[in-house]
Amino acid sequence: MPELPEVENIRRSLAPHLLDEYLTLKQPFHPQVWINPGDLPCRDVKVTAINRRGKYLDFVLDSNLHLVAHLRMTGRFTYTEDLASPCLPHTHVIFAVSHSVGLPAHAELRYSDPRRFGRLILLNDTELKSYKFGYNSLGAEPLSPDFTPAYLLTAAGKHPHAKIKSFLLDQTVIAGLGNIYADEILYACRLHPCIPVGSISEASWEQVVNETIRLLSLSIANHGTTFRDYRDGDGKRGGFQSLLCVYGRAGQACPRCNGILATTRISGRSTVYCPQCQAM
DNA sequence: AACCGCTCCTGATCGC
DNA sequence: TGCGATCAGGAGCGGT
């Protein structure tokens, strides 16, 4: 399940292969996964940049186009120069990659997604700003200067009764956290996942900021977390899963106090925490 | 207005 | 061994 560190690693693995190369959308593609609101062409368009915002990837193309991708749970980009290699099961979109307009493809960029929760959307500059989807209501980027204790304190004031776990997962507050990192951040900060954010002090928010930056940076450096499906654009697994303290470890011993890690459900997500270290 | 919970979807895992 | 039930969850949306 790609969250910010995994999406960042996908971006970094694809960029050297795709920058200044040309993409052509090949049939077949899956209409549920591929959304093309403006009926725009996608043929021999040059990739000028690959950016990340939260969990979204933005392939910036010439002709004022953006291919915006969200991988949700099981979406995966695979870059391959072996055109004869078999596609992964559930491959829904394929792009031919060539060095120039009219040249034959030397590679393919493939999108596979067993659960089909992910979406690829092709938008022009104007549409990108007005299209109604999560990309346009994202909150602070956690590895940017906007992400400060004061920002979180102000945001918490707008939803004081929200549980901190739900708050961390709210993409309009912080862009890019998912279930794994939310649990790890709360554990690192010794905060119970059900604490209402209105009762959290600025000093605690400072700790949340510091631990979020520390954990995300560490995970990016370790090529992300491969819990089930995640791979980068070259098919490589992450290494951060061996550094997880609580996610996926319900019933096991707490690495800090040796108590038993508990599990609960908060806004539909399984949540693991240490009842001793993270008291209310 | 601020939440809650349902929906999408398949593969892995579990209990009988 | 086989088969049905359960669980995993990001974002969007309808309901309260």
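A polar contact is a pair of N or O atoms within 3.5 Å. Keep that cut-off in mind, and remember that this model is predicted.

**Stop 1: DNA strand B**

Select Arg 115 together with DNA strand B. A backbone N or O atom of Arg 115 sits 3.3 Å from a sugar or linking oxygen of the strand. Now move to Arg 116. Here the side chain takes part: one of its N or O atoms is 3.2 Å from a phosphate oxygen of DNA strand B. Next, pick Gln 32. A polar atom of the Gln 32 side chain lies 2.7 Å from a phosphate oxygen of DNA strand B.

Widen the selection to the residues around DNA strand B. Among them are His 90, Pro 114, Phe 117, Lys 158 and His 161. Sugar and phosphate make up 64% of the strand B atoms that come within 4 Å of the protein. Colour the surrounding residues by class, and you get 3 nonpolar, 4 polar and 3 charged.

**Stop 2: DNA strand C**

Switch to DNA strand C. How many residues surround DNA strand C? There are 17, and the closest are His 70, Arg 72, Phe 117, Asn 179 and Arg 265.

Zoom in on His 70. An N or O atom of its side chain is 2.5 Å from a phosphate oxygen of DNA strand C. Then try Lys 55, where the distance from a side-chain N or O atom to a phosphate oxygen of DNA strand C is 3.4 Å. For the side chain of Gln 171, the distance to a phosphate oxygen of DNA strand C is 3.5 Å.

Of the strand C atoms within 4 Å of the protein, 69% belong to sugar or phosphate, and the rest to bases. The surface near DNA strand C has 6 nonpolar, 5 polar and 6 charged residues.

**Stop 3: the two domains**

Hide the DNA. In chain A, colour domain 1 (4-130) and domain 2 (149-273) separately. Their centres, taken over C-alpha atoms, are 29 Å apart. Domain 1 brings 19 residues to the contact, and domain 2 brings 18.

Together the domains bury about 1500 Å², with 57% of that on carbon and sulfur atoms. Select Pro 5, Glu 6 and Asn 9. These supply 33% of the area that domain 1 buries against domain 2, more than any other three residues.

What links the two sides? Between the domains there are 0 salt bridges, but 9 residue pairs are in polar contact.

**Last stop: helix H1**

Highlight helix H1 (4-18) and strand E6 (76-80). Each supplies at least two residues of the side of domain 1 that touches domain 2. H1 gives the most, with 10 residues.

Conventions: Residues are numbered from 1 along each chain as its sequence is written. Chains are lettered from A and ligands numbered from 1 in the order in which they are written. This is a predicted model: local features need pLDDT of at least 70, side-chain atom pairs count only at pLDDT 80 or more; totals for chains, interfaces and linings use all residues. Side-chain values use heavy atoms; hydrogens and water are left out. A residue is near a molecule or strand if one of its heavy atoms lies within 4 Å of it. A polar contact is a pair of N or O atoms within 3.5 Å; within protein, one must be able to donate a hydrogen and the other to accept it, and residues adjacent in sequence count only if both atoms are side-chain atoms. Ala, Val, Leu, Ile, Met, Phe, Trp, Tyr, Cys and Pro count as nonpolar, Asp, Glu, Lys and Arg as charged, and the others, Gly among them, as polar. Domain bounds come from an automatic or database domain assignment. Contact means heavy atoms within 4.5 Å. Buried area is the accessible area (1.4 Å probe) that two parts lose on being put together, summed over both. A salt bridge is a side-chain nitrogen of Lys or Arg within 4 Å of a carboxyl oxygen of Asp or Glu. Helices (H or I, at least four residues) and strands (E, at least two) are DSSP runs, numbered from the N terminus.
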